[in-house]
Amino acid sequence: MAREVAVVPHTHWDREWYEPFEAYRMRLAGVVDGLLQLMGTGEAPPHFHLDGQVAVLDDYVAIRPAAEARLADLVGSGRLAVGPWYVLMDEFCVSAETIVRNLELGLARGRRFGADRPGACRPVGYLPDMFGHIAQMPQMLRQAGIDEAVVWRGVPAAIGCHSFDWVAPDGSRVRAEYLPVGYAAGAFLPKDGPSLVRRMEAHEREIASFYRDDEAILLMNGGDHQAPQAWLTRLLSDANAGNDRFRFVATSLAGYLSSGARAGGEWMGELRSG
């Protein structure tokens, strides 16, 4: 049987980093302009993950106000995922109150963009690029009705599996999905099926120790400030037609997590490994 590869198209957005905020906002406008154009064609992927922060929508709508209704339709139909955070914070550089308010604001602003509609993706505790995580994060997520998290940095070598139970000091727990090589493992995919299969074979070897042989592999197709790859739908179809080793499926994080991979371990408290 072919092994499933869950491909999640996404971008990771730094609102400011080595360029100031306004420079990044102009880049964001170009990326989202292209995304909206792509979503109106037959080549569009079924879903795109617009990072974990609703602020990027506010940043975009501030200069493209006419696009707000279109964005809300995409979010409400599950084709675009945003939040649950308002911004992706560094958990150890702000107060606990700030983190709670950040989550509350993100959920509230997400509702403005359709995140509470019946067809929208359910919220996932998306924490891909924080430099470690506080012990109470599972508690905060559960209090907001979120029972899944996605993490990368900070996970210690003692966690030898991609899925584990993360437990807060008060006993609250979430299922944590670990990205062993980060959120850009599927960035810059090639344009032909055979090349994608060869790349996936190499990636499978790279992360083999974290997955059981019968488990679907999560492949995050994107990276820092990346636009969607317009040829992705054709690429996955080409790859599926030309191999019996993998079955590539474009999906959402919520869709992948709903497959119900069993937790392979447990961790209580902070995730602060270097």
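Colleague: Which residues of H3 are called buried?

Modeller: In helix H3 (residues 68–76), they are Leu71, Ala72, Leu74, Val75 and Gly76. "Buried" is reserved for under 20% relative accessible area, with exposed over 50% and partly exposed in between (1.4 Å probe, protein chains only). Please keep in mind that this is a predicted model: local features need pLDDT of at least 70 and side-chain atom pairs count only at pLDDT 80 or more, while totals for chains, interfaces and linings use all residues. Residues are numbered from 1 along each chain as its sequence is written, and side-chain values use heavy atoms, leaving out hydrogens and water.

Colleague: What do those buried residues of H3 pack against?

Modeller: Their partners are H1, helix H2 (55–61) and strand S3 (80–81). Helices (H or I, at least four residues) and strands (E, at least two) are DSSP runs, numbered from the N terminus.

Colleague: Why is H1 called oblique to H3?

Modeller: Helix H1 (residues 21–39) packs on H3 at an angle of about 60 degrees, with the axes 12 Å apart. This makes H1 oblique to H3, because under 35 degrees counts as roughly parallel, over 145 as roughly antiparallel, 65 to 115 as roughly perpendicular and the rest as oblique. The crossing of H1 and H3 is also left-handed, a word used when the near helix is turned anticlockwise from the far one by less than a right angle.

Colleague: Which residues make that contact?

Modeller: From H1 come Val32, Leu36 and Met39, and from H3 come Arg70, Leu71 and Leu74; contact means heavy atoms within 4.5 Å. These residues divide into five nonpolar, no polar and one charged. Here Asp, Glu, Lys and Arg count as charged, so Arg70 is the charged one.

Colleague: How do you know that methionine 130 is buried?

Modeller: Its relative accessible area is 2%, so methionine 130 meets the cut-off already given for buried. Methionine 130 sits in the loop between strand S4 (125–127) and helix H5 (137–143). Leaving aside neighbours within four places in sequence, methionine 130 is in contact with Leu88, Met89, Glu91 and Arg153.

Colleague: And what makes a set of residues a nonpolar core?

Modeller: The members must be buried Ala, Val, Leu, Ile, Met, Phe, Trp, Tyr and Cys residues joined through side-chain atoms within 4.5 Å. The largest such core has 30 residues, and Leu218 and Phe248 have the most contacts inside it. A second, separate core of 27 residues includes Val54, Leu57, Tyr60 and Val75.

Key: Axes fitted to C-alpha atoms, helices over the stretch in contact; angles between N-to-C directions.
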